[in-house]
Amino acid sequence: MDFERYIRDIQDFPQPGVVFKDITPLLKDPQALAKACETLCDMVKDYAIDKVVGVDSRGFIFAPLIASKLNAGFVPVRKKGKLPYKIISESYSLEYGEDTLEIHTDAIQKGEKVLVHDDVLATGGTANAVCKLVEKLGGEVVQCNFLIQLGFLNGAAKLKNYEIKALLNY
C-alpha cells in the first residue's frame, strides 16, 4: 500500500519553518489504518514481544493495536505529571526545547522484551529517553518502530544501539 498518500504536510506547524507530518488522513481510512497496523506488526514478527511501549500522545494510537495483535501488554509512557502511580522519569532534548517522560515503576519486568513505538522519529530524543526508561526497569528494547522516520534529522544516530524500523522514510 502507498502509505505516503495518506500523510499530509502542514507547513509552519508547530512553529515557522517546520513541516508537520499529519497522520490523520491515514487514521480515518479503515483500510489504510488496518494495513499500517499489520505492516507495523510484521516489522517485529521475528521477536517474541512481552510489552509494547507507546509514547505520549500519538504513539498511543498504534501501540495498543500492535500489542493486541502480538498478544503483548501495552505500556504508556507519558509526559511529566500524567501518570497516577509510582514513576521513574527521564528528561531529554527535542526539536523545540526540553521535556520529561515518565513510566510506572511496575510497567516492565526484568528481562521482558519490549517494542518501543511512536508515530515519528525526528531527532531521536524522545525515543532515546523511552529506551532509557525501559532499560532502567530491566526491560530489553528489541526494536523501535515508527510510522514515519525523518531521516534528514538524523534521529537514528541517538538510537544506534537499537534496531529501527519505519513504515515511511522521508
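The exercises below work through the nonpolar cores and the salt bridges of this structure.

The model is predicted, so local features need pLDDT of at least 70 and side-chain atom pairs count only at pLDDT 80 or more, while totals for chains, interfaces and linings use all residues. Residues are numbered from 1 along each chain as its sequence is written, and side-chain values use heavy atoms, with hydrogens and water left out.

**Exercise 1.** Identify which residues of the largest nonpolar core touch the most other members, and which helices and strands each supply at least two of its residues.

*Solution.* Begin with the term: a nonpolar core is a set of buried Ala, Val, Leu, Ile, Met, Phe, Trp, Tyr and Cys residues joined through side-chain atoms within 4.5 Å, where buried means under 20% relative accessible area, exposed over 50% and partly exposed in between (1.4 Å probe, protein chains only). The largest such core has 28 residues, of which L26, I49, V52, F62, I66, L147 and I148 touch the most other members. At least two residues each come from helix 2 (30-42), helix 3 (59-69), strand 7 (113-121), strand 8 (140-149) and strand 9 (164-169), these elements being DSSP runs numbered from the N terminus (helices H or I, at least four residues; strands E, at least two). Helix 2, with 5 residues, gives the most to this core. Another core lies apart from it and has 25 residues, among them V55, I108, L137 and Y162.

**Exercise 2.** List the residues in contact with L147, leaving aside its neighbours within four places in sequence.

*Solution.* With contact taken as heavy atoms within 4.5 Å, the partners of L147 are I23, L40, F62, H117, D118, D119, A166, L167 and L168.

**Exercise 3.** Locate the salt bridges R78–D56 and K113–E140, and state for each partner whether it is buried or partly exposed.

*Solution.* A salt bridge is a side-chain nitrogen of Lys or Arg within 4 Å of a carboxyl oxygen of Asp or Glu, and a search of the whole structure finds 9 of them. In the first pair, the closest N and O atoms of R78 and D56 are 3.0 Å apart; R78 belongs to strand 4 (residues 73-79) and D56 to the loop between strand 3 (51-55) and helix 3, 22 residues apart. R78 is partly exposed at 22% relative accessible area, whereas D56 is buried at 14%. In the second pair, K113 and E140 approach to 2.5 Å between their closest N and O atoms. K113 lies in strand 7 and E140 in strand 8, so this pair ties together parts that are 27 residues apart in sequence. Both partners are partly exposed, K113 at 30% and E140 at 39%.
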